[in-house]
Amino acid sequence: MTVREGSLEAPTRHPIDWKGDDFYNEESCFKEMERVFDICHGCRRCVSLCNSFPRLFDLIDEGPTGEMDGVPKEKYWEVVDQCYLCDVCYMTKCPYVPPHPWNLDFPHLMLRAKAIQFKKGTPTKFRDTTLSNTAANGKLASIPIVVQTVNALSKNKTARALGEKMIGVHKDAWLPSFAGKTFEKSAAKSAALPVKDGAKTAGKVAIYSTCYVNWNEPGIGHDLVKVLEHNQIPYIVVEKQACCGMPKLELGDLESVEQLARQNLPVLAKLAREGYAIMTPIPSCTLMFKQEIPLMFPNDADAQAVKAAMVDPFEYFVNRHKDGLLKTDFKQGLGNVSYHIACHLRVQNVGQKTREMLEMVPDTAVNTVERCSGHAGTWGVKKEFHEIAMKIGRPVFRQMAEHPKANGGQGGEPDVVASDCQLAGHHIEQGMAGKADGKVAHPLSLLARAYGY
């Protein structure tokens, strides 16, 4: 029987059997990696994505046989280390994902390998675990006496060089500053507005602010509030939020993911059952609740309820517009916007809703770049990966720097640089080498600006 190359069916995901007897079996994992890597070797469509695939193909091509049997199994870890679970290979490139009989799920195989790695322990485990404790880091760094010192040290060349040597954070990598006042503590309360449900949208919103917006750039959350208020959509800020768990997932620390899920799910599920749309301003957190947590806990009713209620802001706003319930009384054009679609938004399969929304604003031209920036959360700041992250991002940096509508249609630098992932936005700013300084704005901030705020 001949196995067809591709599949006409939509990709589907199998639950992650991370509590099964075989999941942490290293020999079994190696066997599956050999099977999957051999299929990848025969295809090579993903060579232009992250560095996992070029590293894999180099190992094969430089081996004594030119095939998988020439690659020592201990070298497989070099492929695993280059994967940051962006999911783009699965959702946009691979023709062999389930329901294809070859059942290839590269990202979740890498997740399994990372989980085994984490269990065994690695030389960088302390650094990796510290970086992934986003909420704990935020709570400590935002103490009034501490925040100024932390922010100053993150910009001090001597301190950064010492940090690279001692901790393993690259001295040149962009690092976020910490806010003196968190979003959760400073967010305005919603006015008492009537709930107007639409055919496609719930009429009230619960904001899951995310670690980044809460601790680092609360202004993004405040701009989201302004947009909701302008459209007379009542909202609440989710109380007692814990990290979504994505940094722990990327590390393979699945027990910590479970602990965080057990804190978040009861609170969020209650809101979902009360009819709230649960909105997150950072795509990685949205994806975590839409995909990874439901796949880790497929029989958990709370996880499934939250999955159904979780929504990207611009997915919500575009659908709100289709319901005839979104205001388009824009006061200000945004000019020439170079907009980057974050990988964790692309793989949600909701379409280019941010672009659609921004293009509704008069006097706005959107140059859309649909390619990985290479940042990938904590991965891109580590000393062993930062230069690779910058290399992966070079095509994005070039495309973002050249807006076709600038200079009267002759092309040139954009007025604004934006990404749904603010970390990627700043990574792109660094890669554009001065061409984006002071121009980075989250799309939610741009929408608030367009409304006149």
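Q: Let's start somewhere concrete. Which helix does Arg394 lie in?

A: Arg394 lies in helix 20. Keep in mind that we're looking at a predicted model.

Q: And is Arg394 buried, partly exposed or exposed?

A: Anything from 20% to 50% relative accessible area sits in the middle class. Arg394 has 46% relative accessibility, so it counts as partly exposed.

Q: Which residues gather with Arg394 in a patch of positive charge?

A: Lys93, Arg371, Lys391 and Arg398 join Arg394 in that patch on the surface.

Q: Which helix gives the most to the positive patch?

A: That's helix 20, running over residues 386-401, which contributes 3 residues.

Q: What about a patch without charge: which residues make the nonpolar surface patch?

A: Leu162, Met166 and Ile167 make it, and the patch covers about 330 Å². Take Ile167 as an example: look for it in the loop between helix 9 (157-166) and helix 10 (183-186). Ile167 counts as partly exposed because its relative accessibility is 46%.

Q: Now for sheets. How do I read the order of the strands in the open sheet?

A: The general idea is that strands of a sheet pair through backbone hydrogen bonds, either parallel or antiparallel. Here, 4 strands make an open sheet, the order is 2-1-3-4, and the pairing is parallel.

Q: Which strands stand at the edges?

A: Strand 2 (235-237) and strand 4 (310-311) do. Each has a single partner strand, so one side of each has no neighbour in the sheet.

Q: How many bridges join strand 1 to strand 2?

A: There are 3 bridges between strand 2 and strand 1 (residues 205-207), and the two run parallel. To spot the pairing by eye, find Ile207, which stands opposite Val237 in strand 2.

Q: Where is Thr134 found, and how far is it from Phe37?

A: Thr134 is found in helix 7 (residues 134-141). Its relative accessibility is 23%, so Thr134 counts as partly exposed. From Thr134 to Phe37 you count 97 residues in sequence, and in space the two are 33 Å apart, C-alpha to C-alpha.

Q: Let's try another pair: how far apart are Gly377 and Ser154?

A: Gly377 and Ser154 are separated by 223 residues in sequence and by 17 Å in space, C-alpha to C-alpha. You'll find Gly377 in the loop between strand 6 (364-369) and helix 20. Gly377 is partly exposed because its relative accessible area is 28%.

Note on methods
Residues are numbered from 1 along each chain as its sequence is written. This is a predicted model: local features need pLDDT of at least 70, side-chain atom pairs count only at pLDDT 80 or more; totals for chains, interfaces and linings use all residues. Side-chain values use heavy atoms; hydrogens and water are left out. Patches are made of residues with over 30% relative accessible area and no salt bridge: like charges are joined within 9 Å, nonpolar side chains (Val, Leu, Ile, Met, Phe, Trp, Tyr) within 5 Å. Accessible areas come from the Shrake-Rupley method with a 1.4 Å probe; for residues, only the protein chains shown count as cover. A salt bridge is a side-chain nitrogen of Lys or Arg within 4 Å of a carboxyl oxygen of Asp or Glu. Lys and Arg count as positive and Asp and Glu as negative; His and the chain ends are not counted. The place of a charge is taken as NZ of Lys, CZ of Arg, CG of Asp or CD of Glu. Buried means under 20% relative accessible area, exposed over 50%, partly exposed in between (1.4 Å probe, protein chains only). Two strands pair if DSSP finds at least two bridges between them.
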